[in-house]
Amino acid sequence: MALIAARILGSNSRPAVALHRWQWPAYSSASAAVAEPETTEVKDYADYRRSLYGQITHKALLVDAVGTLVLPSQPMAQIYRKIGEKYGVEYSEDEILFRYRRAYGQPWGKSRLRYVNDGRPFWQYIVSYSTGCSDPQYFEELYNYYTTDKAWHLNDTGAEEVFRALRESGVKLAVVSNFDTRLRPLLRALNCDNWFDAVAVSAEVAAEKPNPTIFLKACELLDVKPEDAVHVGDDRRNDIWGARDAGCDAWLWGSDVHSFKEVAQRIGVQV
């Protein structure tokens, strides 16, 4: 996933490793998973794209939410424990974290989609298993907390200025996220919903990254061709391989780019 779970957990377990360069034509997620990284420089991905589409243009920017645009303000286990104390939650933060990871890693129903509509059935299961508490009032308080600006903060404090400059230059903007329907009210709570021309949420699209369908939907909403869009996200599998499978360009947050100002500069917009 984008990974909502990994970011809420406050875990540093995912390594920030630069993308390998793969021998053409291994730029899809299916082939990249089995390809061997080259020991010498091979054809650069930008050259590969030029061979397909000619001159590269970026008429649209697609942005991942959790881990790229926004970050959780406190570790998940801390919040689950703090809110849960008045409902009788006795597990330690370490126990909650362990049980959360175990629950999140289990198959979910007959569908591969965790975030369907408001995601309540999935999150009720996660919260109950993680804390041992099935009190509906506890769940509602916790669920609603993660729709507020107390739970999240913007990852890049200079993002608003950058997105304004991008839109003024004609670049269209969209959020592409594996999230439930709380994403829109969350963006409003953070006062950044008006930065974007469109929002493609997995719970609404019925497809989760790395499924290229969600990227194609974002491009459809923006009325741009996939090859004219670039996606920025922090997860190699979900964001990079998924976007490239859809025909978009893709940059890994924390490796290819480290700020939205840098994103704008690579697009060709000075801020």
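**Exercise 1. A salt bridge within one helix**

Task: Which residue does Lys217 meet in a salt bridge, and where do the two partners lie?

Solution. Start with the pair itself. The side chains of Lys217 and Glu220 meet in a salt bridge, with 3.5 Å from N to O. The model is predicted. The cut-off for a salt bridge is 4 Å, and the pair is listed at 3.5 Å.

Next, place the partners. Both belong to helix 11, which covers residues 212–222. They are 3 residues apart, about one turn of the helix.

Now check the exposure. Lys217 has 30% relative accessibility, so it counts as partly exposed. Glu220 reaches 55%, so it is exposed. The general idea is simple: side chains of opposite charge can pair when their charged atoms come close.

**Exercise 2. A salt bridge between two helices**

Task: Which parts of the chain does the salt bridge of Glu204 with Arg184 link?

Solution. First, the distance. The closest N and O atoms of Glu204 and Arg184 are 2.9 Å apart. Then locate each residue. Glu204 sits in helix 10 (residues 202–205), and Arg184 sits in helix 9 (residues 183–189). They are 20 residues apart, and the pair links distant parts of the chain.

Last, the exposure. Glu204 is partly exposed because its relative accessibility is 41%. Arg184 is partly exposed too, at 32%.

**Exercise 3. Salt bridges in the whole structure**

Task: How many salt bridges does a search of the whole structure find?

Solution. The search finds 12 salt bridges. One of them joins the side chains of Arg81 and Glu85, at 3.6 Å from N to O. Arg81 is partly exposed, with a relative accessible area of 23%. Salt bridges can also form a network: Asp64, Lys209 and Asp239 are linked in this way.

**Exercise 4. Cysteines without a bond**

Task: How many disulfides does the model contain?

Solution. Use the cut-off: two cysteine sulfur atoms must lie within 2.5 Å. By this rule the count is 0 disulfides. Take Cys248 as a test case. Its nearest cysteine sulfur, that of Cys219, is 4.0 Å away, and Cys248 is in no disulfide.

Now ask about burial. The limit for buried is under 20% relative accessible area. Cys248 has 0% relative accessibility, so it counts as buried. Cys133, at 9%, also counts as buried.

**Exercise 5. Strand 4 and its neighbours**

Task: Why is strand 4 largely enclosed by the rest of the structure?

Solution. Count the buried residues. Strand 4 covers residues 172–177, and 5 of its 6 residues are buried, so the rest of the structure largely encloses it.

Now look at the pairing. Strand 1 (residues 60–63) runs parallel to strand 4, and 4 bridges join them. Leu61 stands opposite Leu173 of strand 4. Strand 5 (residues 198–201) also pairs with strand 4 in the parallel sense, over 4 bridges. Here Ser177 stands opposite Val201 in strand 5.

Finally, follow the chain. Strand 4, helix 9 and strand 5 make a right-handed β-α-β unit. Helix 9 is the helix that holds Arg184.

**Exercise 6. The overall picture**

Task: What share of the residues of the protein counts as buried?

Solution. The protein has 271 residues, and 48% of them count as buried. Its elements are 13 helices and 7 strands. The accessible surface comes to about 12900 Å², and 48% of that belongs to carbon and sulfur atoms.

Then consider contacts between residues at least 6 apart in sequence. Of these, 66% join residues at least 24 apart.

Definitions and conventions:
Residues numbered from 1 in each chain as written. Predicted model: local features only at pLDDT ≥ 70, side-chain atom pairs only at ≥ 80, totals over all residues. Heavy atoms only, no water. Buried < 20%, exposed > 50% of the residue type's maximum accessible area, 1.4 Å probe, protein only. Contact = heavy atoms within 4.5 Å. Areas by Shrake-Rupley, 256 points an atom, 1.4 Å probe, with all protein chains shown as cover. Pairing = 2+ DSSP bridges. Right-handed = clockwise from strand over helix to strand, strands pointing away.
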